[in-house]
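Reader: I've got a two-chain model open and I'm lost in the vocabulary. Could you walk me through it?

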Amino acid sequence: MTFIADEILEIAEFMERNGARFYRAAAQDASGAAKEFMLELAEMEDDHEKFFHEMREALTPEQKLPVTADPEDLGSKYLKSLIDGKVFDYRGDPLDKLKQCESLEEVLILAICLEKETIGYYLAVKDSVPGQEDRERIDRIIEEEKKHVVTLTDELNKLS
Amino acid sequence: MKFNADEMFEMAEQIERNGAAFYKKAAESVEGNAEQLFLDLAAKEEDHEKTFAAMRGELTEAERFSSTRDPDNEAAMFLQHAVDGEVFDADPAGDLSGQETVEQILRYALGREKDTIVFFQSMKEMVPKQSGKEKLDGIIAQEVGHIVDIITQLKELK
């Protein structure tokens, strides 16, 4: 069983790109404060995507080599399932789910779910990313994603 | 903004209690390997609940009521919303109608386990240092094991 740091970061980049697409599409159907914060969240996801892209670009040839892991190790099995998309459905298009939402409340609940998926992925793969500095930067992104959950939850509470 | 270690552990106990209730109810509507898996997972969640209850009992008075009040601390705000039941599903067993397929239940269980891990990982950053971070790591690893078991069961359905 082997893992490639580039692949782990590529998935992160992909998730952020999808997140930004999701918020921009959601903003088109929203108005007022909801529209504004969704556009802000889209911009933050753009920044995260750029960060992960730069991190990938900065990988040394050695860091791009596959890392062999014990196939019986629980953490390795989990990481493999993550990369295969068995745990987080990162290959699914969030816009398909957005189309099924019939209210701002449903959009906000979906957004919270997507943010939780992203946090879960970063928490799981963080330790497999080479470089202490990069791991600390991922920690900061996790905190920002948590802030998104807080913002979305606050907006959801305003509706009730 | 105000919550303390005691509330966090109480929330963790509740999550585990809800998890056990969910798996027991899920086991009632399936049979074979899936039934055995759900009963095993229910027993494990009950063990975790006991572990959290013990950890909560070991908190000192100072730790128990030490509050986080920093309104700019995202981790604290995230946990506050979680403790308030706004981020994670408070009653997963109640969401089961008994009419779901094994695959639907397994996918729902997967989501619940992922949420649990996110909560415990976030909680780990906030609990007092002496209050069992290593035990939390052990529980998180076991929840990861549940996800691996659920995915294995999903693969067997195909």
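Author: Sure, let's begin where the chains meet: about 2,000 Å² is buried between chain B and chain A, and carbon and sulfur atoms give 69% of that. Buried area is the accessible area (1.4 Å probe) that two parts lose on being put together, summed over both. This is a predicted model, where local features need pLDDT of at least 70 and side-chain atom pairs count only at pLDDT 80 or more, while totals for chains, interfaces and linings use all residues. Side-chain values use heavy atoms, leaving out hydrogens and water.

Reader: What makes B:Asp115 and A:Lys116 a salt bridge?

Author: The rule wants a side-chain nitrogen of Lys or Arg within 4 Å of a carboxyl oxygen of Asp or Glu. Here the closest N and O atoms are 3.0 Å apart, so the pair qualifies. Across this interface the rule finds two salt bridges.

Reader: Which helix of chain B gives the most to the side that touches chain A?

Author: That's α5(B), with eight residues. Helices here are DSSP runs (H or I, at least four residues). And 23 residues of chain B are in contact (heavy atoms within 4.5 Å) with 20 residues of chain A.

Reader: How do you know which residues of chain B's side are nonpolar, polar or charged?

Author: Ala, Val, Leu, Ile, Met, Phe, Trp, Tyr, Cys and Pro count as nonpolar, Asp, Glu, Lys and Arg as charged, and the others, Gly among them, as polar. Sorted that way, chain B's side has 13 nonpolar, four polar and six charged residues.

Conventions:
Residues numbered from 1 in each chain as written. Chains lettered and ligands numbered in written order. Helix = DSSP H or I, 4+ residues; strand = E, 2+ residues; numbered from the N terminus.
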